[in-house]
Amino acid sequence: MSPGTPQILVHQSKDELAEAAAARLGARVAEAQEARGSASVVLTGGRNGNALLAALAAPPVRDAIDWSRLDVWWGDERFLPEGDAERNHTQAREALLDTVPLDPARVHAMAPSDGPYGADVEAAAEAYATELASAARLDPAEGPAHPLVPAFDVLLLGVGPDTHVASLFPEHPALQETERTVVGVHGAPKPPPTRISLTLPAIRAAREVWLLAAGEDKASAVALALTGGGELQAPAAAVHGRSRTLWLLDRAAAAQLPEDLHPPLS
Ligand SMILES: O=C1O[C@H](COP(=O)(O)O)[C@@H](O)[C@H](O)[C@H]1O
C-alpha cells in the first residue's frame, strides 16, 4: 500500500474514537522516543482534536508518555489575542497541556494577535516558519523530507464539514501555496477570518498524518475526500503522510462512505 493511500478505521462513537486515537498516539509517541530519543506531534484544533487531547490526559495513556521528550507543534491557529477561548492553543492547554509535565521550550505555539508581531499575521506566520526551519533535521536514512520542516512523527488534522483541514479551506489561495511552509490566512469562511496555517508541503513532511472526524455533519465531507474529491475542492483529499495516512472516524462520519471503503468497526 502506498503511504498516500488512506487507511480507514471506524469506531462506534466519538468517545470511542477519541479514546482509541489517544491510545494509538501514546503508543506512537513512545515508539518514536524509543527509536529516536524524542517525538514530535502536531496538534489540531476543533472538537475531535480536543477530545483526543482530553483522552490523552487520562491514565493509563498519560503515564505511558515521557512528556519531557515531546515536541508539540500546531497545524493551524485562529489569530486572536493570547488566552482567547477560541484559540486552538488555549483549548489545548485546557484539555491537556497544562496538566502534563511538558518542557515549555518544546511547546511551539503560534503567535497570538497581541503577541510580538501584533496584528501582522504574515509576520507571525513567517516567525513560525523560521521556528520550524530551526528544528528541521534532514536524516538521509529517511528518504525525502522537507528541508525546512521537522519530520513530525504524527500530524493530527480535524476535518471540517466543508472538508477543510488545518486552516486550508476549499478553493482558498492558502491551499495553493507551494513554496512557504506557513502562511497567514485571510478571509477564512469559518470564524475567525484571520488565521495561521501550515501549508500542504509542510503537512506532507510528516511521517504520519491522521485525520479525525466524528458526527453526521462530517459524513459528506469524509465521503467527498475519500471518493475522489479534487484537492482544491476538498483539502482533506490533498493531505498525506510520508509513511501513513490514517482516517479515524466514528460511525456517523463514515455513514456516507461506499461499502468497499467502509471497514468493519474497530
Ligand atoms: O477551526 C478549526 O476547525 C477545524 C475543524 O474543527 P471541528 O470542530 O469541525 O472538528 C480544526 O481542524 C482546525 O484546527 C480549527 O482551527
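**Note on the domain arrangement, ligand shell and core**

1. Nine residues of domain 1 are in contact with twelve residues of domain 2. On the domain 1 side of this contact, strand β4, spanning residues 76-78, is the greatest contributor, with three residues. By character, the residues on that side comprise four charged, three nonpolar and two polar. The model discussed here is a predicted one.

2. As to the division itself, domain 1 covers 13-109, whereas domain 2 is assembled from the segments 123-136, 161-206 and 220-235. The centres of domain 1 and domain 2, taken over C-alpha atoms, are 20 Å apart.

3. The ligand is surrounded by 14 residues, of which T44, G45, G46, R47 and G158 are the closest. Polar residues account for nine of the shell, charged residues for four and nonpolar residues for one. Helix α2 (47-56) and strand β4 each supply at least two residues of this shell, and α2 gives the most, with three. Strand β4 therefore appears in two settings: it gives at least two residues to the shell around the ligand, and it leads the side of domain 1 that touches domain 2.

4. Where does the ligand lie with respect to domain 1 and domain 2? Both domains give residues to the shell around the ligand, so the ligand lies between them.

5. The largest nonpolar core has 83 residues, and those with the most contacts inside it are L52, L157, L211, L212, V222 and L249. Helix α1, residues 14-36, gives the most to this core, with seven residues. Because domain 1 and domain 2 both give residues to the core, it lies between them.

6. V222 is among the residues with the most contacts inside that core. When its neighbours within four places in sequence are left aside, V222 is in contact with V159, A213, L249, A253, A254, Q256 and L257. One of these partners, L249, is also listed among the core residues with the most contacts.

7. Helix α2 merits separate comment. Eight of its ten residues are buried, so α2 is largely enclosed by the rest of the structure. The buried positions are N48, G49, N50, A51, L52, L53, A55 and L56. These buried residues pack against the helices α1, α3 (61-64) and α4 (88-95), and against the strands β2 (39-43), β5 (154-158) and β8 (208-213). L52, buried in α2, is among the residues with the most contacts inside the largest nonpolar core. The helix that gives the most to the shell around the ligand is thus also one that is largely enclosed.

How values were computed:
Residues numbered from 1 in each chain as written. Predicted model: local features only at pLDDT ≥ 70, side-chain atom pairs only at ≥ 80, totals over all residues. Domains from an automatic or database assignment. Contact = placed C-beta atoms within 7 Å. Helix = DSSP H or I, 4+ residues; strand = E, 2+ residues; numbered from the N terminus. Nonpolar A, V, L, I, M, F, W, Y, C, P; charged D, E, K, R; others polar. Near = placed C-beta within 6 Å. Core = buried A, V, L, I, M, F, W, Y, C linked by C-beta atoms within 7 Å. Buried ≥ 20, exposed ≤ 12 C-beta atoms within 10 Å, placed from the backbone.
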